[in-house]
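I have a new structure open and want to find my way around its helices and strands. These are my notes, in the order I looked things up.

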Amino acid sequence: MEDNKKEAPRSTPAASLPGTPRWVGGVEPAKELLTATGTQILEIECRQQPERLCELLEAYAADSSIQAELKKFRNLATKRGPVLFIGMGASYCSSISGSVLLQSHGRPSFSVDAGEWLNYAASVWDDAALSILLTTSGESAELVELFKRGEDQALGLICNNPASTCWHLAKNKLPILAGPEYGNATKTYTNATAAAIIVASEIAGLPWKQDAEHAAEVFSSHLDPIFAMRSDLEIFCRGAANIEVVGRGAGYGGAFMSALCIREMSGTRAAAHTGAGFKHGPNLDVDATHVAIIFALGHTAELGVKLAQECNRRGGKVVLVSSEEHIATDKLFPVRIAAVTEPWEGITSLLVPQALTLAMVERTGCRLPPRFQYGVMEQ
């Protein structure tokens, strides 16, 4: 952790960045954001998540143009074949809740990395019923190229930037409605995950509004209490050689996003694993230098609890995120989050790692400058 302290400069105000600004989404940031540090922006945008999520749910339930787009996605998915969710980084993480929901209800569906799909999957793309591309910026080179190469494919887009290249290339598109985002993926991940779940629900013919509203309420009501314990979380995790984040199903999407957030913002080594992947791999080297954040959520929650117990037996520390009560020890930091209907834990699981990340950068400084402008998006 000491290395982080030496290498963590304060964030650079946008005014000092060279070149002509290309504001995110074409919107110039508010004055207070232009002078804010990366740490301050992270907290601001984390706390914006509940409001932005509620706005998305209201729009997807009531906006006639969005409902018309959802119908187009449903119709496209009637073709025989799997439904693909294609993205990179945080957008890939967001897609996992959607593909898991369809799998759970009998429809073949997969989340795939855009770069890998672009470079290796051309020969099998025709087998997909529908490919849903997710991109926050709408300018990532791989996603733009997939739209150009996939003119004969059934394509849909979930995007946060209606002024972007992908948005203009797409015939079928849904907005993320998170507003411009200048730090790590927080509200864009949350809203994109919700959009993916809603699209998957529509394709599967499942009601989603009641489950979505409950998940949004749980997310909103737990944010402040969990963020209030962030210093204790950071002290518990301090000194770890690395941090493993473990989840199953939609929780794996949250784990993947959590590891990205920790690494990008603090520089601390963090990695995401499925529960089975961790048990049959990194679990073998768990010792006193090790911290695991384990999401024991959904119908596989008990497997997460068992994995936490095994890590503790090996001497490792565990932050256990669960909808059940667990007794804290010197090696176990339990955090209770109310249960939500699967796969909405892909959103609620993120609160604990976000709080931990904020505490880490408050202590050591933020390594990621505010994302006030995009550079050239290259492969």
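Before the first helix pair, a note to self: axes are lines fitted to C-alpha atoms, for helices over the stretch in contact, and angles run from 0 to 180 degrees between N-to-C directions. I also keep in mind that this is a predicted model.

**Entry 1: H3 and H16**

I started with helix H3 (residues 38-62) and helix H16 (residues 351-364), whose axes lie 9 Å apart and make an angle of about 160°. Angles over 145 degrees count as roughly antiparallel, so that is the label for H3 and H16. The crossing in which H3 passes H16 is left-handed.

Next I listed who touches whom. H3 brings Thr39, Leu42, Glu43, Cys46 and Gln49 to the contact, and H16 brings Gln354, Thr357, Leu358, Val361 and Glu362. Sorted by class, the contact of H3 with H16 holds four nonpolar, four polar and two charged residues.

**Entry 2: H3 again, now with H9**

How do the axes of H3 and H9 cross? They come within 8 Å of each other, and the crossing is at roughly 25°. Angles under 35 degrees count as roughly parallel, so H3 is roughly parallel to H9. H3 passes H9 in a right-handed crossing.

From H3 I noted Glu45, Gln48, Gln49, Arg52, Leu53, Leu56, Leu57 and Tyr60 in this contact, and from H9 Lys187, Thr190, Asn191, Ala194, Ala195 and Ile198. My class tally for H3 with H9 is seven nonpolar, four polar and three charged residues. I see Gln49 in the H9 contact and also in the H16 contact.

**Entry 3: the five-stranded sheet**

Then I turned to the strands. I found an open sheet of five strands with parallel pairing, and its order reads E2-E1-E3-E4-E5. Which strands stand at the edges? They are strand E2 (109-113) and strand E5 (173-175); each has a single partner strand, so one side of each is left without a neighbour in the sheet. From one strand to the next, the twist averages 20°.

Looking at the pairs one by one, I saw that strand E1 (residues 83-87) joins E2 in the parallel sense over five bridges. Val83 has Ser109 in E2 as its bridge partner. Helix H9 (residues 187-204) turns up here too: H9 packs on the sheet and touches E1, strand E3 (130-135), strand E4 (155-159) and E5. The direction of H9 makes about 165° with that of E3.

E3 and E4 run parallel, joined by five bridges. For Leu134, the bridge partner in E4 is Ile158.

Is E4 mostly covered or mostly open? It is mostly covered, with five of its five residues buried. Leu155, Leu157 and Cys159 point one way from E4, while Gly156 and Ile158 point the other way, and all of these are buried.

**Entry 4: H5 and H12**

Back to helices. The axes of helix H5 (residues 89-104) and helix H12 (residues 250-266) come within 7 Å and cross at roughly 170°. With the cut-off I used for H3 and H16, over 145 degrees, H5 and H12 are therefore roughly antiparallel to each other.

On the H5 side I wrote down Gly89, Ala90, Tyr92, Cys93, Ile96, Ser97 and Val100; on the H12 side they meet Ala250, Tyr252, Gly253, Phe256, Met257 and Leu260. The contact of H5 with H12 splits into ten nonpolar, three polar and no charged residues.

I then picked one residue of H5, Ile96, for a closer look. Is Ile96 buried or exposed? It counts as buried, because its relative accessibility is 6% and the cut-off for buried is under 20%. Leaving out residues up to four places away in sequence, Ile96 touches Ser111, Gly249, Ala250, Tyr252 and Gly253. I also checked Ile96 against Ala270, 174 residues apart along the chain, and their C-alpha atoms are separated by 19 Å.

**Entry 5: strand E6 and its partners**

My last stop was strand E6 (residues 242-247), which is mostly covered, with five of its six residues buried. E6 pairs with strand E8 (residues 290-296) in the parallel sense over five bridges, and Asn242 stands opposite His290 in E8. Strand E7 (residues 270-274) also pairs with E6 in the parallel sense, over five bridges. There, Gly247 has Thr274 in E7 as its bridge partner.

Technical notes. Residues numbered from 1 in each chain as written. Predicted model: local features only at pLDDT ≥ 70, side-chain atom pairs only at ≥ 80, totals over all residues. Heavy atoms only, no water. Pairing = 2+ DSSP bridges. Helix = DSSP H or I, 4+ residues; strand = E, 2+ residues; numbered from the N terminus. Contact = heavy atoms within 4.5 Å. Parallel < 35°, antiparallel > 145°, perpendicular 65-115°, else oblique. Left-handed = near helix turned anticlockwise from the far one by under 90°. Nonpolar A, V, L, I, M, F, W, Y, C, P; charged D, E, K, R; others polar. Buried < 20%, exposed > 50% of the residue type's maximum accessible area, 1.4 Å probe, protein only.
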